[in-house]
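Ready to practise reading aromatic rings in a protein? Work through each exercise yourself before you look at its solution.

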Amino acid sequence: MDKILVIDDSAVQAQFLCSILQADYDVTACHTAKEGLQMAKEGGYALILLDVIMPDMDGFAVLKELKAAELTRYIPVILLTSLADVQYEERGLLLGAVDYVAKPFNPVIIKARVNTHIQLYHYQAEFRQQATIDGLTGVANRRHYEGEAVAKWREAVRFGLPFSVCMFDIDKFKVYNDTFGHQAGDHVIVSVAKTAAAFFQRSTDLFARYGGEEFVAVFAGNDGEAAFSFMKTVRQAVEDLHIPHDPSVNPWVTVSIGGVTLLPKPGDDYNTYLKLADTMLYDAKRFGRNQVVWSNSGKEQWREKES
């Protein structure tokens, strides 16, 4: 059942809205802007019904905060008001409201508009998901990675967290395709992606397909040695799939991984460290493949296997 949040300082009006909608939706009401903002960020709502006139913060200010926050910017908001003025309606729509309903409410109209906007919310959510997911593997695509990686980098800067960037690809993948065919190659890409993605489940993690047989990941909170150890586990998990390769190359499909861990500071450029991770990947392949090579911002380097 879809969840709706009603933010209205009038308990009578809020209860009236709940009575109209509660047969079809899971409706929660709160009576202050502060409480409404907090609940909106925690509740997974499909729609917010927001009163414009409230004592602690007006609905326009609440709407601006909702649209500015990553967790709530996509939740549709219907403004509720007794202010019958086109300027107020225009202001609300320009701030991002999807609709504007004048009091007193007509129950039939409220139900119809709520139903319409919840359906649109689901269509748009599905579209956003499809636009950020790699069609072959089901993991994040490069477009999503390019937006999210920098956002996670900024969070690490803000909270002073160690931040790791890594790149890896499937060893001798062209030989695999030439030997077993491109359809089999696609199955390998999917298997590797799903195996690696299972290790990146925290809110501070991001794993994505970068292109072809190459992947990228970022994660926060681990120091250099811990990140190196963690990625060795990921590499081993791929090898343990025991997907047969061309025996003249390798017995199994494997990956090479290169990465860097640093404590990012304001003014640092994320792309500088992405390039360093790519250099570590090149070293991993140069040293014999099927291994992890890691650096902590160029000061130390760890290599999994000696050549």
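**Exercise 1.** Find which residues form one aromatic cluster in this predicted model.

*Solution.* The cluster is formed by Phe168, Phe199, Phe200, Phe207, Phe215, Phe219, Phe230 and Trp294. The structure holds 17 aromatic pairs.

**Exercise 2.** Classify the ring pair of tyrosine 176 and phenylalanine 180, then place both residues.

*Solution.* Start with the centres, which lie 4.5 Å apart. Next take the planes: they meet at 35°, so the pair is tilted. Now look at the location: tyrosine 176 and phenylalanine 180 both belong to helix H7 (residues 173-180). They are four residues apart, about one turn of the helix. Finally, check accessibility. Tyrosine 176 has a relative accessible area of 7% and is buried, whereas phenylalanine 180, at 39%, counts as partly exposed.

**Exercise 3.** Do the same for phenylalanine 219 and phenylalanine 230.

*Solution.* The ring centres of phenylalanine 219 and phenylalanine 230 are 5.3 Å apart. Their planes stand at 70°, and planes over 60 degrees apart count as edge-to-face, so this pair is edge-to-face. Phenylalanine 219 is in strand S8 (residues 214-220) and phenylalanine 230 is in helix H9 (residues 224-239), eleven residues apart. Phenylalanine 219 has 1% relative accessibility, so it counts as buried.

**Exercise 4.** Which ring lies under the charged end of arginine 142, and which under arginine 303?

*Solution.* The charged end of arginine 142 sits over the ring of tyrosine 210, 3.9 Å from its centre. Arginine 303 lies over the face of phenylalanine 287, at 3.7 Å from the ring centre.

Terms used: Residues numbered from 1 in each chain as written. Predicted model: local features only at pLDDT ≥ 70, side-chain atom pairs only at ≥ 80, totals over all residues. Heavy atoms only, no water. Phe/Tyr/Trp six-rings, centres within 6.5 Å; stacked < 30°, edge-to-face > 60°. Helix = DSSP H or I, 4+ residues; strand = E, 2+ residues; numbered from the N terminus. Buried < 20%, exposed > 50% of the residue type's maximum accessible area, 1.4 Å probe, protein only. Lys NZ or Arg CZ within 6 Å of the ring centre and 35° of its normal.
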